[in-house]
Amino acid sequence: MKNTKKASGPKLQNKAVIRKVAKDYVLKNRMKSMVIVIAIALCTFLFTTLFTIGGSILSKLQESTQRQVGTTAAAGFKYLNEEEYEKIAADSNLKEVSRYIPVGEVTGTEFLKLRTEVHWSDEVSAKKGFSYPEAGKLPEKEDEIVVSSLVLQALGMQTKPEDYGKLLGSSLHLSMELKDQETLDRDFTITGIYTGDRVSSSQIVLVSKAFQEKYAPTPLTSYYDRGTDLDEIYGRISVDVDFYLPFNTAGQVASLIERDGLNPETEVGMNWASLTGSMDLATLGIVIVMLITIFTSGYLIINNVYRINVYSDIRSYGLLKTIGMSKKQLEKLVRMQAGYLLIPGLVLGILPGILGGSLLLPVVMNNLSISDTAGTNVQINVWVLLFSAAFSYMTVMVSCKKPARLAASVSPIEAAKYTEGVMHRKGKKAKKQKEQKNNAQNKRYSTFSFAVKNMKRDRKKAALVVLSLTLSLVILNSVYSMIRSFDEDKYVERFVATDFAAADATLDNPAVRERNYEGVSISFLDELAGKPGIEDLGNLYMEETFQEFTDEDFALFNERLLKNPDFTDVYSWDGEFLLSKVYRESKASPVDVYGVDRFMLENLKVQKGELDMEKFLSGGYILVNQYHMELESDKDMIPYFLPGDKISVTSNEGKTKTYEVMALVDIPYAFRVQRYTELDMQYFLPENEYFDLCGQHTPMRTIFNVADEHEAEMEKWMKEYTTKVEPTMDYTSREVYKNDFKDFTQMILIVGGLLTGILALIGLLNLANTLITSIMTRRLELAMLEAVGMTKKMQIRAICAEGLLYALLTGIIGSILCALFSVVLVRNLGVGMWYFAWKFTLMPVAVVFPVMILITLFLPYVIYKKTMKESVVARLRLADN
Amino acid sequence: MEILRCEGLTKTYGSGETKVDALRGVDLSVNKGEFLSVVGTSGSGKSTLLHTLGGLDRPTSGKVIIDGKDIFSLKDEALTIFRRRKIGFVFQSFNLVPVMTVYENIVLPIELDGDKPDKAFVEQIIDTLGLTNKKNAYPSQLSGGQQQRVAIARALSSTPAIILADEPTGNLDSKTSQDVMGLLKVTGQQFAQTIVMITHNEEIAQMADRTIRIEDGLIV
């Protein structure tokens, strides 16, 4: 025991001394400290900006999912009675417990497409469920309710957030279906309004406790006791809980059930919006690669700056060692200096980082459809800030580790004479000598060979500089070739084949599950008809059906498609399930039945057979599409039916009629429902035939062309109509998509440009740093060279040549890497994008290269001029003192 | 024949209270082929004298004439070029270029001047200084004495008008110092070189043909 203590020695109280020395160093070398602070700030800026954007998008995505789920709570226990609720409420291991009670559902034609539930909810639950009133308060009296803006809209009221206040206190008539199918029809008073989101699976109308107790009193019996009426859920309590730890929800739920003595069969809903569950491997991979890139670029700046700092202080470190500072203490000294500079660096970096993030976020968000209520404001999350700071801290500490060791390992004698490169050479004597033997005598002095030698002094550092310069070049080139590969015509063509198109807003919104296929109103069509300049106009009608095939039809379908080896190849992975369960057993398939008018017909692409327009319109015929093996190519089509086949079609109204297949067609993406079902079967009937079979519908989509001179006017009218008159409708036009395309490419350009800019700055900082160190540590050597007759001009030439070498190396390696990235990465990134036509380019390299050469020539010149102000004699004295 | 002459050389550093008179009117004449040593204590002004003679530092007043040329009438660039053609330096701390081999270091001043080194001559110098085995070595692989021999070879290689040696043995132990001094003297004679050497070591100074003493910026 005693021995160990002796061996390790008593703990010295020397921290304060080292801290003082570190502080002195930081304050004494103001310029150097500034450079480091700037480097750290730049790094932190980079991290914070990216994390702010990333974090905001993530949290918005999460909120969007939470809105779909209906709550932010981690888990919900369903159909409980008061006694069971009390058990959970009394559980001290839970962070938060809240409850709501379903009372009924709002009915009426207006709500057919907007599922609206009636709940009583406590305050916390309302907040977690996104239904807490933004204006007004929760209901207290029996006739008071809180509604969402979407409910009001469904009832034909115009709602903007600033008008909420005016609507409070007004009365609202609602019909509801309550317990035991009982209906209620009455007036309510609005006490609160919140903004609804179409992403939610259902809207919530909040009623008072008094209302709930009157119409849906909570039963005393437990839902989970066998023998009670299992169907009744109204009046039962739904309890939402949040745990202290945000992971392993399932495990925590299980232990809660056991701990609180709930019935093991209690139904539990777990929130799948929790972050971890929603990230797939590919995304995770991209995120990790991104983080590594960011970390590397941060490391590149700070590490290099730190090395320089240590190099230029190395004499005094040697001195400190002579007077007895230990290795450990020296290491600590360097790290402490980093610590002192970290704080101002963080402060300077985080604030502009947040600003940068909030400026960029709208640009990025513009191109993501998340949900109606997701704004473009930055969510400043403490975690994001802490994470950025921690990331910077980590980068700084990792970056100064090696320089710290370098400082610690210096020998006091060598430090005084320290010249770059000498220390690193020792281990490689033999190899070097051999290498040099061959060319020592015939290699004459030249500016270039001198520069090459200087560059080789510290290969690692040279590699770092080239790498950091190359990195920005590669990103710039990748971004540019990506943008160049985006084909605007292809993009616009897909979404609008005509000048304008109108449909319900839900139709083309991928975030919406319940689409409205009859969204073009008669009043819109009437008003449109009165507008000048309309040249062509077409209407498209559609209903989703489930076609049970007759034995004959199925035999054809089975023969041509399901048994087709090409098809089974594609579907082999889940073919068994898909084919046997859905198609083979039920002999049926979902089919979109379209009604088309003449103009629409003209826009269909006939792929097999002949389309005789007049014959088709006269009735008795049908057009069908083919199965696409690959969604985006015209090849690999497998027909379901062939021209001449007779197939029967059953509408949702139950009418059945037999038609002869006239031709096989393909409908442009811009017209169809923009989603795919498994087999994606489509039937096309003439307008009249469609009405006959499926009943009178309003169009799903109306398309039209407008004379050029009326286009701007029409654009304005459409915009106004779809925002003010019928906000449930949406329109698209070439203009809209052209702007869309521009926004999209601009986002990539801005984000990519910023990244490139920062990386280029890092690269140049590194280059400058490298040259400064190289010149600083060679001051003596350069002075001596001057003494033996190397003129200043020759020295400048040699140093500029060194800079030029960096540019050349970067240019060569950069070009190779850029080409590689373009061919491998960019091309493959675009594979999934139909508006992507890969084009190879090294344009950015060609443009940037001359600029880089100028900078690499100019920079060393300036640095040399600045550092060589001292006279030769003064510099020569460095060696002797 | 006079190869170097200086007249009324003064050098003042700083001004006011911090003013230091490093040289206070030095007159000196050195003949071709002479080996002159300048002795003085630390702070006597001997290093300043040598730097000024070599054109590394400009005097406050006075002239330095080497091979008939008033060197301070030259501009900086021209002076540097003059230096590499006419003056060879040997420093206390050797001052070799670490990334170059011994051979490359030795021929550097010649090549800097755009000339091809006379190989036979260089080989002869290398041989005389006992560096034949070390031609392809790097400075960091050499001992102090060897490094100083390389520096002497470098000074000789360009056949300058004069070699200025600044405490050439200052960083060497006494045995090595004797060796290096011996070589300096021998090669000086063999290649008919004029050498001006400063030192604080009387014993070393005695090896020169002539010794002058400098105190407080004046020759005594």
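Visitor: Let's start inside chain A. Which residues of E8(A) point the other way from Gln203(A), Val205(A) and Val207(A)?

Guide: Keep in mind that this is a predicted model. In a regular strand, side chains take turns between the two faces of the sheet. Gln203(A), Val205(A) and Val207(A) share one direction from E8(A), and that leaves the other way to Ile204(A) and Leu206(A).

Visitor: And how many of the five residues of strand E8 of chain A are buried?

Guide: Buried means under 20% relative accessible area. Both sets of side chains, those pointing one way and those pointing the other, are buried. Strand E8 (residues 203-207) of chain A is therefore largely enclosed by the rest of the structure, and its buried count is five of the five.

Visitor: Which strand runs parallel to E8(A), and which runs antiparallel?

Guide: Strand E3 (residues 116-121) of chain A is joined to E8(A) by four bridges, with Thr116(A) opposite Gln203(A). Strand E5 (residues 144-148) of chain A is joined to E8(A) by two bridges, and Val146(A) has Leu206(A) as its bridge partner there. Taking the directions in turn, the parallel one is E3(A) and the antiparallel one is E5(A).

Visitor: Moving along chain A, is Glu802(A) buried or exposed?

Guide: Glu802(A) is in helix H30 (residues 792-829) of chain A. Setting aside residues up to four places away in sequence, it touches Ala451(A), Asn454(A), Met455(A), Leu771(A), Ser774(A) and Arg778(A). Its relative accessibility is 3%, so Glu802(A) counts as buried.

Visitor: How many Å apart in space are Glu802(A) and Thr447(A)?

Guide: In sequence, the two are 355 residues apart. In space, going C-alpha to C-alpha, the distance between Glu802(A) and Thr447(A) is 9.1 Å.

Visitor: Which residues is Thr791(A) in contact with, leaving aside its neighbours within four places in sequence?

Guide: Thr791(A) is in the loop between helix H29 (779-787) and H30 of chain A. It has 4% relative accessibility, so it counts as buried. With those neighbours left out, Thr791(A) makes contact with chain B residues, namely Glu77(B), Thr80(B), Ile81(B) and Arg84(B).

Visitor: I always look for cysteines. How many disulfides does a search of the whole structure find?

Guide: Cys694(A) is buried, with 2% relative accessible area, and Cys800(A) is buried too, at 12%. A disulfide needs a pair of cysteine sulfur atoms within 2.5 Å. Over all chains, the number of disulfides found is zero.

Visitor: On to chain B. Which are the edge strands of the open sheet E2-E1-E4-E5?

Guide: Four strands of chain B make up this open sheet, with antiparallel pairing. Within it, strand E4 (residues 61-66) of chain B is joined to E5(B) by two bridges, one of them between Ile66(B) and Lys69(B). An edge strand here pairs on one side only, and that picks out strand E2 (20-31) and strand E5 (69-70) of chain B.

Visitor: Which helix packs on that sheet?

Guide: The helix touches strand E1 (2-13), E2 and E4 of chain B. Its direction makes about 125 degrees with that of E1(B). This is residues 46-53 of chain B, helix H1.

Visitor: What about the six strands in the order E6-E7-E8-E3-E9-E10: which are the edge strands there?

Guide: This open sheet in chain B has mixed pairing. Strand E9 (residues 210-215) of chain B and E10(B) pair in the antiparallel sense over two bridges, with Glu215(B) opposite Leu218(B). The strands that pair on one side only are strand E6 (87-90) and strand E10 (218-219) of chain B.

Visitor: And what angle does the direction of helix H5 of chain B make with that of E6(B)?

Guide: Helix H5 (residues 144-157) of chain B packs on this sheet, touching E6 and strand E7 (162-166) of chain B. Between the directions of H5(B) and E6(B), the angle is about 175 degrees.

Visitor: Taking chain B as a whole, what percentage of its 220 residues is buried?

Guide: Chain B has seven helices and 10 strands. Of its contacts with a separation of 6 or more, 72% are between residues 24 or more positions apart. The buried share of the 220 residues is 59%.

Visitor: Last one: what ipTM does the predictor give the complex?

Guide: For chain B, the mean pLDDT is 87, and 100% of its residues reach 70 or more. For the complex, the predictor gives a pTM of 0.58 and an ipTM of 0.74.

Definitions and conventions:
Residues numbered from 1 in each chain as written. Chains lettered and ligands numbered in written order. Predicted model: local features only at pLDDT ≥ 70, side-chain atom pairs only at ≥ 80, totals over all residues. Heavy atoms only, no water. pLDDT = per-residue confidence, 0-100. Buried < 20%, exposed > 50% of the residue type's maximum accessible area, 1.4 Å probe, protein only. Contact = heavy atoms within 4.5 Å. Pairing = 2+ DSSP bridges. Axes fitted to C-alpha atoms, helices over the stretch in contact; angles between N-to-C directions.
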